[in-house]
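Me: I am new to this structure and would like to go through it step by step. Please explain each term as it comes up.

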Amino acid sequence: MQTLVCTTPGELTYQLGIKPELTPGNAIIRIRRIGICGTDLHAFEGTQPYFNYPRILGHELAGELVEVDGTSDFEPGEAVTFIPYFNCGHCIACRSGKPNCCANLSVCGVHADGGMVEYLSVPSYSLVHGNGLSFDELALVEPLAIGAHGIRRAGVQPGEWVLVIGAGPIGLGVMEFARIAGGNVIALDINESRLNFCRNRLKVEHTVLATAPDVLEQLAAITNGDMPTVVIDATGSLRAINNAFQYMAHGARYILIGLQKGEISFSHPEFHKREGTLMSSRNATRQDFEHVITSMKSGQIDPTTYITHRVAFGQVSDEFASWLNPANGVIKAMVAINE
Ligand SMILES: NC(=O)c1ccc[n+]([C@@H]2O[C@H](COP(=O)([O-])OP(=O)(O)OC[C@H]3O[C@@H](n4cnc5c(N)ncnc54)[C@H](O)[C@@H]3O)[C@@H](O)[C@H]2O)c1
Ligand SMILES: [Zn+2]
Ligand SMILES: [Zn+2]
């Protein structure tokens with residue numbers, strides 16, 4: 001079968017691979033869609049920490065179930081996606097119902113070879129029913145589940161002000177689930193065109209340009225002086241993360257979905273005064289995947305909005321580098337395979 005291997009940073013090479021055979025406890029998926037995310041782009045750039053090459057990228061996947069062992073709940077032929085975070089099942093996190101932050105986690109397409117292939121073997125426990133959604137929709141469930149998980153961690157209540165910093169694909173998902181939870185969303189980004197996207201496509205009423213000299217004052221005005229009770233980072237920028245502590249209302253929660261390599265620092269007295277809560281949010285669970293699917297099915301999210309670029313599998317190696325160029329305005333590039 002055809003595979004596309006990231007052999008070294010900057011190099012994607014089509015190679016013939018061995019079609020996987022069914023093994024106990026696993027399932028074979030005929031891949032139909034591969035969503036491209038920041039992790040894939042950074043891995044290609046060579047800026048993704050703890051990344052080994054060669055690696056087959058791709059973890060936002062949808063396809064047809066070919067064969068399955070170890071569960072009678074899934075039918076060969078049905079459309080599926082799967083939870084690409086393979087967990088150990090016995091560590092403290094797994095035992096506490098938090099497989100998303102398993103101490104021995106292996107993420108498909110990151111720590112293990114992923115979905116830029118015609119056929120992929122995945123653990124049967126990771127399968128998720130397609131529920132009548134299209135392959136495009138199913139390939140978008142994983143990135144949206146990241147946002148759904150962050151909002152669930154935040155425990156957003158109806159009527160709360162939720163400040164979402166970073167309007168990339170992850171931040172957009174955060175905004176959608178904040179809205180679905182009944183929150184009033186404020187989007188903050190340094191990129192004007194991404195803020196326009198929030199206003200026009202996601203109907204986010206309040207957007208603030210992060211480079212403005214009066215961000216704090218604008219947030220105060222929008223929230224009637226209260227400031228946001230939920231602040232969420234979806235930038236992965238150390239500067240943005242450190243800076244956002246000052247945007248927290250008294251009693252607020254600050255959730256870090258974005259990830260960076262440095263050390264966070266903030267004023268302890270300011271944080272104490274607010275009785276702030278700081279949380280990280282890693283990956284997502286089955287509950288989040290199901291929430292995303294239900295929200296798509298009920299029409300609360302129109303996922304096709306996110307897809308700005310489409311290519312066939314054979315074109316990926318030619319197009320990939322162009323998706324890194326901000327001038328091309330990529331929100332979500334979607335690859336079709338086995339058409
Ligand atoms: N929690 C998880 O499990 C998980 C999963 C996937 C991605 N992530 C992380 O989420 C983050 C966002 O991912 P993405 O794919 O949407 O990234 P992206 O780069 O497409 O989007 C980031 C956005 O942040 C904006 N930004 C950058 N600096 C800013 C600043 N100082 N102030 C305001 N806005 C700023 C950028 O303009 C951009 O629109 C990354 O750090 C990524 O690693 C986390
Ligand atoms: Zn991703
Ligand atoms: Zn575990």
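Reply: Domain bounds here come from an automatic or database domain assignment. This is a predicted model, in which local features need pLDDT of at least 70 and side-chain atom pairs count only at pLDDT 80 or more, while totals for chains, interfaces and linings use all residues. Residues are numbered from 1 along each chain as its sequence is written, and chains are lettered from A and ligands numbered from 1 in the order in which they are written.

Me: How far apart do the C-alpha centres of domain 1 and domain 2 lie?
Reply: The protein chain is divided into domain 1, made of 2-139 + 302-336, and domain 2, which covers 147-280. Their contact (C-beta atoms, placed from the backbone, within 7 Å) takes nine residues from domain 1 and seven residues from domain 2. The C-alpha centres of the two domains are separated by 28 Å.

Me: Which helix gives the largest share of the shell around ligand 1?
Reply: A residue belongs near the ligand if its C-beta atom, placed from the backbone, lies within 6 Å of it, and of the 28 residues around ligand 1, G38, G166, G168, G236 and A240 come nearest. Helices (H or I, at least four residues) and strands (E, at least two) are DSSP runs, numbered from the N terminus. At least two shell residues come from each of α5 (169-180), β11 (184-189) and α8 (238-243). The largest share, three residues, is supplied by α5.

Me: Is E176 of helix α5 buried or exposed?
Reply: A residue is buried if 20 or more other C-beta atoms lie within 10 Å of its own, exposed if 12 or fewer, and partly exposed in between, with C-beta atoms placed from the backbone. Leaving aside neighbours within four places in sequence, E176 is in contact with L144, G147, L202 and I301, and its C-alpha lies 8.4 Å from that of Q300, although 124 residues separate the two in sequence. Because 26 other C-beta atoms lie within 10 Å, E176 counts as buried.

Me: What span should helix α10 have, at 1.5 Å a residue?
Reply: The expected span of a helix is 1.5 Å times one less than its number of residues. Helix α10 holds 12 residues, 286-297, and its end C-alpha atoms are 16 Å apart, which agrees with an expected span of 16 Å.

Me: Which elements are among those that cover the buried residues of α10?
Reply: The buried residues of this helix are D288, F289, H291, V292, I293 and M296. Their cover includes β9 (127-129), α3 (135-139) and α4 (141-154).

Me: Where is P54, which follows a cis peptide bond, placed?
Reply: Most residues other than glycine have a negative phi, and most peptide bonds are trans. The bond that joins Y53 and P54 is cis, with omega about -5°. The place of P54 is the loop between α1 (38-45) and β4 (60-68).

Me: K203 and N283 both have a positive phi; which of the two is buried?
Reply: K203, with phi near 60°, is found in the loop between α6 (192-201) and β12 (206-209), and counts as exposed because it has 10 C-beta neighbours inside 10 Å. N283, with phi near 55°, is placed in the loop between β15 (277-280) and α10. Since 20 other C-beta atoms lie within 10 Å of it, the buried residue is N283.
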